[in-house]
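Me: Please take a close look at a single part of this structure. I want the sheet, how its strands are set out and what packs on it.

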Amino acid sequence: MDSILCLTDYHLNSAQPFLYGLHLTRHLHNDLYLAHIKDGADFPVQEDVEDLAEVDDKEKVEELQKLRQFIHLNTAAEDQKLPIRGVLIGGPLWESIETLTEKYDADLIIMGMRNRMGLAGRILGGLAARMINYTEAPVLMTPPGTKFAPIKSVVYATDFDVANL
């Protein structure tokens, strides 16, 4: 596994997926991309840069500062040297996720879930269902109320199709 894409909207539940991304990065030595999608905006992928003066748009600078703050607040001192990259994109949610997945060749996507709809939405929200059904990369979702705990085992479900092995 070379690349993990972790999605954040800065919601309270966003820290938990990021902690799982850090945990996996620490053990697998992959690149971790923390991405925020600005739904309703329209701009291509903007990676965080050392000098924000290089960024041409005030809104992007503000969003990159939020990403930096999020990373700083949720990364323990011993994880500060991990390869974490902040990334922004402006556009429709689903298309932006597809763009990021392809650009960073994501081997895993990690995201938090929210309970926004009725019973069906609580079990599996609209975006969650779409991610599972249409994303080529595996998806790790953290439900609301999740508290990080180190991963001890993984269950791999398969129908033994050649593409799944």
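What follows goes from the whole chain to the sheet, then to single residues.

Reply: Keep in mind that this is a predicted model. Every value below is computed from its atoms.

Start with the setting. The protein chain holds five helices and six strands. Read from the N terminus, the elements go β-α-β-β-α-β-α-β-α-α-β. The C-alpha atoms occupy a box of roughly 50 × 35 × 35 Å along the principal axes. The radius of gyration is 16 Å, which agrees with the value near 15 Å for a compact globule of 165 residues. Buried residues make up 41% of the chain. Take the contacts with a separation of 6 or more: 76% of them join residues 24 or more positions apart.

Now the sheet. Its six strands are ordered β3-β4-β2-β1-β5-β6. The sheet is open, and its pairing is mixed. At the edges stand β3 (43-47) and β6 (139-142), each paired on one side only. From one strand to the next, the twist averages 20 degrees. Strands of a sheet pair through backbone hydrogen bonds, either parallel or antiparallel.

In the strand order, β1 sits between β2 and β5. Take the β5 side. Strand β1 covers residues 3-8, and β5 covers residues 108-112. The two pair in the parallel sense, over three bridges.

L5 is a good place to zoom in. This residue belongs to β1. Across the pairing, L5 stands opposite I109 in β5. L5 has a relative accessible area of 0%, so it counts as buried. Leaving out residues up to four places away in sequence, L5 touches Y33, A35, L100, T101, A106, L108, I109 and I110. G21 is 16 residues from L5 in sequence, and their C-alpha atoms are 8.1 Å apart.

Two of the residues that L5 touches, L100 and T101, lead to helix α3. This helix spans residues 93-103. Its buried residues are W94, S96, I97, L100 and T101. Seen down the axis of α3, these fall within an arc of 160 degrees, so they line one face of the helix. What covers them? Among the elements that do so are strands β1, β2 (31-38), β3, β4 (84-90) and β5, along with helix α5. After α3 comes D105, with a positive phi near 45 degrees.

Helix α5 is made of residues 126-134. It lies across β5 and β6. Relative to β6, it runs at about 160 degrees.

Go back to β1 and look toward β2. H36 is in β2. Its relative accessibility is 8%, under the 20% cut-off, and therefore H36 counts as buried. A polar atom of the H36 side chain lies 3.0 Å from the backbone oxygen of T8. T8 falls within the range of β1, residues 3-8. Leaving out residues up to four places away in sequence, H36 touches T8, D9, Y10, E63, L67, V87, L88 and I89. V87, L88 and I89 fall within the range of β4, which is 84-90.

To sum up the close view: β1 has β2 and β5 as its neighbours in the strand order. L5 in β1 touches L100 and T101, which are buried residues of α3. In β2, the side chain of H36 has a polar atom 3.0 Å from the backbone oxygen of T8.

Definitions and conventions. Residues numbered from 1 in each chain as written. Predicted model: local features only at pLDDT ≥ 70, side-chain atom pairs only at ≥ 80, totals over all residues. Heavy atoms only, no water. Pairing = 2+ DSSP bridges. Helix = DSSP H or I, 4+ residues; strand = E, 2+ residues; numbered from the N terminus. Axes fitted to C-alpha atoms, helices over the stretch in contact; angles between N-to-C directions. Contact = heavy atoms within 4.5 Å. Buried < 20%, exposed > 50% of the residue type's maximum accessible area, 1.4 Å probe, protein only. Arc of directions from axis to C-beta. Polar contact = N/O pair within 3.5 Å; in protein donor to acceptor, adjacent residues only side chain to side chain. Rg over C-alpha atoms; globule rule 2.2 N^0.38 Å.
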